[in-house]
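Here are my notes on the model you sent over, set out as numbered points. Have the structure open while you read, since I start at the RNA and work outwards.

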Amino acid sequence: MEMDYKKVVASLISEKTEFDIDKIEGMLEVPSNTEMGDYALPCFKLASIYKKSPVMIAKELAEKIQPNDEISSVTPVNGYLNFMVNKVSFATTILDEISEKGDLFGDDSVGEGKTVIIESSSPNIAKPFHIGHLCSTVIGQSLSRLYQSVGYKTVKVNHLGDWGTQFGKLISAYKHWGDDEAIEKEPIKELLRIYVKFHEEAEKDPELDEEARRYFKNLEGGSPEETKLWQWFKDLSLKEFALLYNRLGVSFDSYHGESFYSDKMPEVVDLLEERSLLKESEHAYIVDLDEYNMPPCMIVKSDGASIYATRDIAAAIYRKKEYDFYKNIYVVGIPQALHFQQFFKVLELMGNEWSKDCVHVGFAHVRFPDKKLSTRTGNVIYLEDVLDESVNRIKEYMQNTKLEEDMIDPTAEKIGIGAVIFAFLKRSREKEMVFTWEDTLNVEVESGPYIHYTYARGVNILRKAEGLADHPDYSLLTEKVETAMINKMSTLNDVIKEAVNRNEPMVIARYVIELSKLFNSFYNSCKVINEEQPLKTARVALIQACCTVIKKCLYLLGIETVDAM
RNA sequence: GUGCCCAUGGCUCAACUGGAUAGAGCACUCGGCUACGGACCGAGGGAUUGGGGGUUCAAGUCCUCUUGGGCACGCCA
């Protein structure tokens with residue numbers, strides 16, 4: 001049977017006051033110090049209502065409320081009313097629930113029937129997939145799983161950067177210096193090389209820029225020759241990206257990038273004109289956002305070509321029609337914050353009341369201690385190299401592994417990739433990150449490998465445990481650390497909801513670190529396999545639950561578990 | 001010049017809509033498997049949350065001033 005202890009506490013209070021259960025439930029907190037209790041009602045806000053001191057209110061309520069089967073004690077402390085739940089009944093409820101629901105434990109249905117669009121990754125065609133794209137990719141993947149976990153349908157969109165004057169430049173560069181053989185061999189590296197060369201040469205010869213603009217105009221006009229080249233570049237790039245997505249365990253529901261909207265732009269321009277929002281300025285067309293304290297939003301460039309804001313507007317309108325989204329999320333770096341504010345505002349001015357459902361989930365850009373990185377100069381850190389380095393380092397740690405020879409590589413791959421993903425998701429996404437190998441590839445406590453290791457230890461015991469009783473007696477789980485584990489696991493649903501509300505996978509990462517630490521502490525102080533029955537059965541059940549929750553958390557972060565390492 | 005963001009032990013980071021003694025990891029000092037994997041665990045020292053003022057029963061969190069850093073500001077995305 002399922003039991004919501006927060007509700008039980010709320011109803012106890014509600015019976016003795018004039019507040020309804022929901023109101024009380026919203027006021028309840030979980031004390032930071034678990035010694036204090038499992039739930040607490042801060043009475044400070046009630047002070048002005050009752051015209052009494054919080055201390056008095058807590059004291060009087062404590063006298064009125066009788067403990068019952070679920071709640072073992074009610075104590076007033078410094079204006080807080082603390083509730084202690086009945087540990088045995090609580091443990092039984094939670095562990096049975098995890099055992100019944102398995103992977104679905106912690107899920108919710110608040111999002112049922114609603115669709116959330118998550119735009120992420122969005123690499124540029126013919127440009128390297130670097131660390132910055134990784135942030136967007138892994139955050140997007142995690143958010144998608146988080147939203148699904150609370151009932152939403154999600155649509156993962158990879159808004160490819162496959163349109164724009166850069167392709168004119170690339171075509172120009174190809175015509176001057178392109179080498180088909182080299183491009184087929186290492187597409188992105190070679191395309192980047194000639195793209196960089198183009199920029200160098202264009203410094204000396206401005207005519208090249210003119211030429212590039214012409215090529216893009218032709219491309220936009222549908223000229224067969226340019227289109228063929230563009231398609232070729234795109235196919236080659238996507239093939240390379242697919243390898244990375246495969247390694248990361250990431251997939252998308254749509255690859256509609258900027259080019260997909262190229263024919264939907266005139267409609268956007270018409271709509272803007274209808275509303276008299278367009279204004280000519282310096283031979284270009286803009287939407288003036290002066291009265292909203294923002295710089296103008298450019299819609300059509302002076303050469304008549306489209307620009308990204310226009311494509312984003314077209315994309316948003318298309319998505320609303322196609323999916324009728326509840327939320328339209330953009331996982332894009334913070335430097336583009338202004339762009340999103342501008343184009344959301346333009347959507348609103350166009351009369352789309354749903355513009356409020358568009359959300360920019362920003363992340364701080366990744367900095368590097370020494371090197372200046374730039375695509376234009378070809379100075380970048382490739383994601384592939386980071387992944388390889390991580391996997392190799394993990395392999396070194398696996399010297400004493402008991403795994404079969406043929407399992408070593410796939411296992412190191414999972415742990416190594418997981419280490420990188422975890423390093424990016426364990427910190428607050430809005431805070432600037434300085435990329436260092438040491439931090440990203442860390443295998444110590446607050447790391448992906450630590451969580452993997454914890455899980456593998458648990459699974460190992462489960463594998464070895466035999467001769468168990470039919471029904472665990474949870475009343476035997478009396479160690480402090482055992483209670484702490486159960487308490488921690490019981491909060492999973494709240495943690496997931498918080499992560500969703502904040503669009504912040506870090507919340508899950510911190511949670512699973514804490515749970516893993518508790519498990520390791522338990523592992524060190526409580527024996528299991530050689531323990532007498534029925535305590536053994538109870539502890540095995542506890543480990544089973546813990547492994548289920550850890551696996552779930554790693555899944556929500558986009559990381560695959562391994563059973564042994 | 002205008003706007004947005006950040007500042008928490010030596011280092012890297014937590015702290016849910018303001019709530020109880022500001023928590024972790026790394027590093028440092030001590031200690032722990034005749035039990036299941038030591039990529040582990042336990043203990044300890046170390047912070048007047050950049051600085052000043054204010055609001056509040058209560059401020060790392062809100063307001064204001066100030067210092068230092070980052071980012072963005074029409075024809076790249």
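1. Start with α21, which gives eight residues to the surface near RNA strand B, the largest share. Do keep in mind that this is a predicted model, so I'd read every distance below as a computed value from that model.

2. The whole surface around RNA strand B takes in 62 residues, and the closest are Tyr 80, Glu 258, Tyr 308, Asn 460 and Lys 517. By residue type, the surface near RNA strand B splits into 28 nonpolar, 19 charged and 15 polar.

3. Which part of the RNA faces the protein? Looking at the atoms of RNA strand B within 4 Å of the protein, sugar or phosphate accounts for 59%, and bases make up the rest.

4. Three polar contacts are worth clicking on. The side chain of Glu 258 puts an N or O atom 2.3 Å from a sugar or linking oxygen of RNA strand B. Tyr 453 also reaches a sugar or linking oxygen of the strand, with a polar side-chain atom 2.9 Å away. Ser 302 works through its backbone: a polar atom there sits 2.6 Å from a base oxygen of RNA strand B.

5. As for the elements behind this surface, those giving two or more residues to it are α3 (44-50), β3 (80-85), β7, α13 (308-323), α18 (448-464), α20 (492-502) and α21 (506-525).

6. β7 is on that list, so have a look at its sheet too. β6, β7 and β8 form an open, antiparallel sheet of three strands, in that order. The edges are β6 (278-281) and β8 (297-300); each has a single partner strand, so one side of each has no neighbour in the sheet. From one strand to the next, the twist averages 45 degrees.

7. How many bridges join β7 to β8? There are three, with β7 covering residues 284-287 and the two strands running antiparallel. If you want a pair to find on screen, Tyr 285 has Val 300 in β8 as its bridge partner.

8. Finally, the overall picture. Chain A contains 22 helices and twelve strands, and its C-alpha trace spans about 85 × 65 × 40 Å along the principal axes. Of its 565 residues, 53% are buried. Taking the contacts in chain A between residues at least 6 apart in sequence, 73% link residues at least 24 apart.

Key: Residues are numbered from 1 along each chain as its sequence is written. Chains are lettered from A and ligands numbered from 1 in the order in which they are written. This is a predicted model: local features need pLDDT of at least 70, side-chain atom pairs count only at pLDDT 80 or more; totals for chains, interfaces and linings use all residues. Side-chain values use heavy atoms; hydrogens and water are left out. Two strands pair if DSSP finds at least two bridges between them. Helices (H or I, at least four residues) and strands (E, at least two) are DSSP runs, numbered from the N terminus. Axes are lines fitted to C-alpha atoms, for helices over the stretch in contact, and angles run from 0 to 180 degrees between N-to-C directions. A residue is near a molecule or strand if one of its heavy atoms lies within 4 Å of it. A polar contact is a pair of N or O atoms within 3.5 Å; within protein, one must be able to donate a hydrogen and the other to accept it, and residues adjacent in sequence count only if both atoms are side-chain atoms. Ala, Val, Leu, Ile, Met, Phe, Trp, Tyr, Cys and Pro count as nonpolar, Asp, Glu, Lys and Arg as charged, and the others, Gly among them, as polar. Buried means under 20% relative accessible area, exposed over 50%, partly exposed in between (1.4 Å probe, protein chains only). Contact means heavy atoms within 4.5 Å.
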